[in-house]
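Here's a quick briefing to read alongside the model. Have the sequence and the 3D view open, and we'll go through it topic by topic.

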Amino acid sequence: MSERTVVQHAVVGEVTLSPSPRARRVSISVRVSGEVRLTFPHRLSAKRALAFLDAKSDWILAARERMARRCAALPPALPPEEERSRIEALRRAAKEDLPPRIARLSEATGLRYAKLSIRASRTKWGSCSGANHISLSLFLMTLPEPLRDFVILHELCHTAHHNHSPRFHALLDRLTGGREKALNRELRAYSIR
């Protein structure tokens, strides 16, 4: 099997099988829509990957339930014109707030980034490339200021450690005064929208 296929699972329902040359292990992702994707290394058989999915079916059902609860708690979607206006207002606020905020945190921590971009990303609050280009979602403006700082510190720590190794987490924990786990829990209560 070398391309994506969709199979019907007895417990989970529809599952997209996605063999990948880049995958090093089997992973499961559950989208907000409830769609389930099973990604696995090319060298692994689909049968073995599905055995992994079988073992994780309770986790998948619980993840779907968590997402459904989170979505139900969100305010209803705005009409398209209002949503465009909202995004433009967030973009203006982000361009005013985020560049000086990251510059201040970079100066305070000594962690240097090469470039900053602000995007309308709905999948991640931020990212850092191997070249230390940091991208921040304009939806950060919907977060309280301490969580905005936390996301920026997270991305700045990636300029020193381009992974989520123990050294990365130790640095982030030190820079947040020992509050990395608490801030991460707090951040998970928010969704990008």
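**The overall picture**

Of the protein's 193 residues, 39% count as buried. Keep in mind that this is a predicted model. The secondary structure adds up to 6 helices and 7 strands, and reading along the sequence you get the pattern β-β-β-β-α-α-α-β-β-β-α-α-α. As for dimensions, the C-alpha trace spans about 50 × 45 × 30 Å along its principal axes.

**The nonpolar core**

- As a general point, nonpolar side chains tend to be buried together in soluble globular proteins.
- The largest nonpolar core here has 30 residues, and the ones touching the most other members are Leu98 and Trp125.
- Several elements chip in with at least two residues each: α3 (80-109), β7 (133-137), α4 (145-157), α5 (166-175) and α6.
- Helix α4 is the top contributor to this core, giving 7 residues.

**Cys157 and Leu171**

- Cys157 sits in helix α4.
- Its relative accessibility is 0%, so Cys157 counts as buried.
- Cys157 and Leu171 are 14 residues apart in sequence, and their C-alpha atoms are 6.9 Å apart in space.

**Salt bridges: the count and two pairs from α3**

- Searching the whole structure turns up 11 salt bridges.
- The general idea is that side chains of opposite charge can pair when their charged atoms come close.
- One of the salt bridges joins the side chains of Glu83 and Arg122, at 3.0 Å from N to O.
- That pair ties together distant parts of the chain, with Glu83 in helix α3 and Arg122 in the loop between β5 (115-119) and β6 (126-128), 39 residues apart.
- The two partners fall into separate accessibility classes: Glu83 is buried because its relative accessibility is 18%, under the 20% cut-off, while Arg122 is partly exposed at 40%.
- Glu88 and Arg91 also meet through their side chains in a salt bridge, this one at 3.4 Å from N to O.
- Here both residues belong to helix α3 and lie 3 residues apart, about one turn of the helix.
- Glu88 is partly exposed, with 36% relative accessibility, and Arg91 is partly exposed too, at 23%.

**Salt bridges: from α3 to α4**

- The side chains of Arg104 and Asp149 form a salt bridge with an N to O distance of 3.7 Å.
- This is another link between distant parts of the chain: Arg104 is in helix α3, Asp149 is in helix α4, and 45 residues separate them.
- Which of the two partners is buried, Arg104 or Asp149? Asp149 is, because its relative accessible area is 18%, whereas Arg104, at 45%, is partly exposed.
- There's a wider network to look at as well: salt bridges that share partners join Asp97, Arg101, Arg104, Glu145, Arg148 and Asp149.

**The positive surface patch**

- Which residues form the positive surface patch? They are Arg66, Arg70, Lys181, Arg185 and Arg188.
- Helices α2 (57-73) and α6 (180-188) each supply at least two residues of the patch.
- The largest share comes from α6, with 3 residues.
- Arg70 has its place in helix α2.
- With a relative accessibility of 41%, Arg70 counts as partly exposed.
- Patch residues need over 30% relative accessible area, so Arg70 clears that cut-off at 41%.

**A backbone detail at Asn132**

- Asn132 has a positive phi of about 65°, although it is not a glycine.
- You'll find Asn132 in the loop between β6 and β7.
- Its relative accessible area is 18%, so Asn132 is buried.

**Worth a look in the viewer**

- For the core, start at Leu98 and Trp125, which touch the most other members, then turn to α4, which gives 7 residues.
- For the charges, try the pair of Arg104 and Asp149 and go on to the network that also takes in Asp97, Arg101, Glu145 and Arg148.
- For the surface, bring up α6, the source of the largest share of the positive patch.

Technical notes
Residues numbered from 1 in each chain as written. Predicted model: local features only at pLDDT ≥ 70, side-chain atom pairs only at ≥ 80, totals over all residues. Heavy atoms only, no water. Patch = residues over 30% accessible without salt bridge, like charges linked within 9 Å, V, L, I, M, F, W, Y side chains within 5 Å. Areas by Shrake-Rupley, 256 points an atom, 1.4 Å probe, with all protein chains shown as cover. Salt bridge = Lys/Arg side-chain N within 4 Å of Asp/Glu carboxyl O. Lys, Arg positive; Asp, Glu negative; His and termini not counted. Charge placed at Lys NZ, Arg CZ, Asp CG, Glu CD. Helix = DSSP H or I, 4+ residues; strand = E, 2+ residues; numbered from the N terminus. Buried < 20%, exposed > 50% of the residue type's maximum accessible area, 1.4 Å probe, protein only. Core = buried A, V, L, I, M, F, W, Y, C linked by side-chain atoms within 4.5 Å.
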